[in-house]
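Subject: Structure handover

Hi there,

Here is the structure I promised to pass on to you. Please open it alongside this note, and I will walk you through what turned up.

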Amino acid sequence: MSAQVRWFARYLRAGLGWFRAFPPGSCSPSSTERWIPIMMNRPLRRRGALITLAVLALFTLGVPASAASRPVRPKPTIVLVHGAWADASSWSDVTGLLQRLGYTVLAAPNPLRGLGSDAAYLSAFLDQRTSGPVVLVGHSYGGAVVTNAAGTDPDVKALVYVNAFAPDKGETVLGLQGGGDPSALFDVVAYPGAPAGDVDLYIKQAVFPQAFAGDLPAATAARLAAGQRPIALSALQEPSGAPAWKTLPSWYLVGTKDGILPPSLQLTMANRAHSHVTEVAASHLSMLSRPQAVVDVIVAAARSVR
């Protein structure tokens with residue numbers, strides 16, 4: 001018997017004892033006169049507390065023991081993977097919103113050196129920095145990294161793509177984009193120790209605001225363009241491995257105002273992966289312009305985790 005039940009039983013026995021000792025009509029005027037002043041002189045707060053406890057006991061008796069002892073399911077860790085020409089700070093608004101909801105969030109670094117090596121780096125990060133179920137989120141090129149890394153860790157339970165590449169085996173990021181003139185979009189910088197023909201790519205600063213950040217303030221877009229991290233050309237040309245979206249449930253946020261990754265291509269990849277699709281009027285940097293919409297999609301994926 002629970003403590004609440006024992007207390008309520010004592011409370012009832014005390015009341016019944018009074019009525020047995022003084023059944024209706026048995027109280028002499030003198031005894032009644034003595035009893036009434038005593039009860040009336042008790043502090044109102046004490047009598048109110050007794051009544052409140054009695055009501056709480058009644059409600060407690062109606063709660064099944066299994067419900068009271070049912071363990072709370074832990075929330076999955078959310079791992080956020082940035083794309084090219086960005087860093088982990090691009091997730092700052094999303095991170096804050098998720099943390100306020102009680103989620104553990106890790107914004108993983110992405111080396112941007114090669115699809116295979118970037119996926120291997122993320123796999124090591126997941127193995128050493130997380131425990132328990134994980135929801136893996138990728139933006140832009142980060143989606144290709146997530147696609148290749150998730151299958152190596154059984155703790156990854158769901159994928160979220162945010163304006164992201166979700167390649168199938170053998171596809172490349174540049175190939176999915178369909179070609180075009182790289183010189184119109186990129187500034188090229190040779191880097192020490194590069195394999196033959198490899199270079200670092202930067203988005204041209206004149207192109208960045210409209211192509212990447214069309215729905216952000218101009219000053220914000222200019223700062224992002226100035227601080228962009230380059231990606232190696234070879235990373236965009238490297239064929240993808242077996243895609244994790246074939247075995248894991250996925251969610252996809254499509255930015256319908258994306259000037260870098262065409263919305264039609266986003267929808268094609270999302271539908272091919274059988275993703276839960278959400279369309280949002282946002283630029284390529286939807287996690288900065290529409291962070292709550294991104295969080296809503298991530299939370300939907302997290303709630304699916306058992």
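To start with the strands: how many bridges join β5 to strand β6, and in which direction do the two run? Four bridges link β5 with β6 (residues 200-203), and the two strands run antiparallel. If you would like one pair to look at, Val188 has Leu201 in β6 as its bridge partner. These strands belong to an open sheet of three, ordered β5-β6-β7 with antiparallel pairing. β5 (186-189) and β7 (231-232) are the edge strands, and each has a single partner, so one side of each has no neighbour in the sheet.

Before going further, please keep in mind that this is a predicted model. Mean pLDDT for the protein chain is 84, with 76% of the residues at 70 or more. Two stretches call for caution. Over residues 14-24 pLDDT stays under 50, and the model has three contacts beyond four places in sequence for them. Residues 26-68 also stay under 50, and there the model has 20 such contacts.

Now the overall picture. The protein chain holds 15 helices and nine strands, and 42% of its 306 residues count as buried. Among contacts with a separation of 6 or more, 72% are between residues 24 or more positions apart. The accessible surface of the chain is about 15,800 Å², and carbon and sulfur atoms account for 61% of that.

Two helices may interest you in particular.

The first topic is α5, which covers residues 92-100 and has Val94, Thr95, Gly96, Leu97 and Leu98 buried. What do the buried residues of α5 pack against? They pack against two strands, β1 (77-81) and β2 (105-108), and against the helices α14 (286-289) and α15 (291-303). After α5 comes Gly102, which has a positive phi near 95°.

The other topic is Thr147, a residue of helix α7 (residues 141-149). Is Thr147 buried or exposed? Its relative accessibility is 0%, so Thr147 counts as buried. Its side chain makes a polar contact of 2.7 Å with the side chain of Tyr161. Leaving aside residues up to four places away in sequence, Thr147 also touches Phe165, Ala166 and Pro167, together with Ala242, Pro243, Ala244 and Trp245.

Have a good look around, and write back with any questions.

Best wishes

Notes: Residues numbered from 1 in each chain as written. Predicted model: local features only at pLDDT ≥ 70, side-chain atom pairs only at ≥ 80, totals over all residues. Heavy atoms only, no water. Buried < 20%, exposed > 50% of the residue type's maximum accessible area, 1.4 Å probe, protein only. Contact = heavy atoms within 4.5 Å. Pairing = 2+ DSSP bridges. Areas by Shrake-Rupley, 256 points an atom, 1.4 Å probe, with all protein chains shown as cover. pLDDT = per-residue confidence, 0-100. Polar contact = N/O pair within 3.5 Å; in protein donor to acceptor, adjacent residues only side chain to side chain.
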